[in-house]
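Trainee: Got a minute? I'd like to walk through this model with you.
Mentor: Sure, pull it up.

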Amino acid sequence: QYTNTRVFNIHKINVPNEYVILNDSNNKLDVVFKTYGFNWLKYYFSKPEITVDFSQDVTKTDSLFVFTKSRVFLKSESIFGSQVELLNVSPENIYFRYDINLIKKVPVVVDAIINYNAGYDSFNSYKILPDSIQVVGPNVLVETIKNIQTEKVVLENVKSNINKAIKLKLPKNNKDLIFSSDEVDLTAEVEKFTEGSLKIPITLINVPEGLKIKYFPKSINVIFYTSLDKFNEISVKDFKVVCDYNKVSNNQTFLLPELDKITQNVKSAKINQQHIDFIITE
């Protein structure tokens, strides 16, 4: 027979769903016992553990679950068998800190750079599914999480639809948190794009009553960027260019044209002339 001490890890079962046990690496037991030589082998060639059943082996306080060494002696035969003599267990008590589980939905922040091949683009940039995930864990930990970022992804010379899974950068070394997903799908519909140009009439606004103004030119080129599929649908009525007289400063002899209306069928639009000359005739 041999007498020796082995360290036993704690295996927790039947923890109530509304609680989470906070990670504590000190939750171990030093067990002194006596047994025959061959019986010792299984304790040296494996990681021994003692199961703590939270439905019957612990008592609960305001902030702790308490497991006493007396429970090990009561369960010694079921744990070690009849050929092991249990001599001592330390420490006297093991304390399990716990917190109330909190469920929180947090947004996913994408770290993505997408460079399209010449002549290709996407109308609505990209989408991520899901755009948020659930975090479950101790209130004190979950409350500090405002968002979850993805790993960085760089896509070059893109000219076809995007459908790519991206891993999330979940907090490391924190076993007390549960996440509903560890990745998201990045998608985008990619189309051929082109530029177009239309001459749009200029509308004067906020001109004082009785004031007559002559301005030139009467219309201006608007350059727009859209997909080939939508190109033929774009017309003059899809844009409106205005010059606001209220924005004219003293001694200024020009008006500033602004795009007041842009159709949703273009991704971007701009004016290629910055000044409209004017004179007051009356």
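Mentor: One definition to start: buried means under 20% relative accessible area, exposed over 50%, and partly exposed in between, with a 1.4 Å probe and protein chains only. Helices (H or I, at least four residues) and strands (E, at least two) are DSSP runs, numbered from the N terminus. This is a predicted model, where local features need pLDDT of at least 70, side-chain atom pairs count only at pLDDT 80 or more, and totals for chains, interfaces and linings use all residues. Residues are numbered from 1 along each chain as its sequence is written, and side-chain values use heavy atoms, with hydrogens and water left out.

Trainee: Okay. Which residues of helix α1 are buried?
Mentor: N39, W40 and Y43, in a helix that spans residues 37-44. They sit on the same side of α1, because they cover an arc of only 105° around the axis. The arc is taken from the directions from the helix axis to the C-beta atoms.

Trainee: Why would residues three or four places apart point the same way?
Mentor: An α-helix has 3.6 residues a turn, so that spacing brings them round to the same direction.

Trainee: And what covers the buried residues of α1?
Mentor: The cover includes β1 (2-13), β3 (28-35) and α3 (76-80). Contact here means heavy atoms within 4.5 Å.

Trainee: Switching to charges. How many salt bridges are there in the whole structure?
Mentor: Seven. The rule is a side-chain nitrogen of Lys or Arg within 4 Å of a carboxyl oxygen of Asp or Glu. One of them joins E85 and K34, at 4.0 Å from N to O. E85 is in strand β7 (residues 85-90) and K34 in strand β3, 51 residues apart.

Trainee: How exposed is each partner?
Mentor: E85 is partly exposed at 42%. K34 is partly exposed too, at 24%.

Trainee: What does K267 pair with?
Mentor: D121, at 2.7 Å from N to O. This pair links distant parts of the chain, 146 residues apart: K267 in the loop between β23 (257-262) and β24 (268-271), D121 in strand β10 (residues 120-121). K267 is partly exposed at 35%, while D121 is buried at 10%.

Trainee: Which residues form a network of salt bridges?
Mentor: K167, D182 and E183.

Trainee: What about D238, buried or exposed?
Mentor: Buried, yet without a salt bridge. The nearest side chain of opposite charge is K237, 4.0 Å away. Lys and Arg count as positive, Asp and Glu as negative; His and the chain ends are not counted. D238 lies in the loop between α5 (228-231) and β21 (239-244).

Trainee: So what lies around D238?
Mentor: Leaving aside neighbours within four places in sequence, D238 is in contact with E233, K261, I262 and T263. Also, the backbone nitrogen of S235 lies 2.9 Å from a polar atom of the D238 side chain.

Trainee: Last topic, backbone oddities. Where are the cis peptide bonds?
Mentor: One runs from S90 to P91, with P91 in the loop between β7 and β8. Another runs from F216 to P217. P217 is in the loop between β19 and β20 (219-227).

Trainee: And phi?
Mentor: Most residues other than glycine have a negative phi, and most peptide bonds are trans. S125 has a positive phi of about 55°, and N251 one of about 65°. Neither is a glycine. S125 is partly exposed at 38%, whereas N251 is exposed at 80%.

Notes
A polar contact is a pair of N or O atoms within 3.5 Å; within protein, one must be able to donate a hydrogen and the other to accept it, and residues adjacent in sequence count only if both atoms are side-chain atoms.
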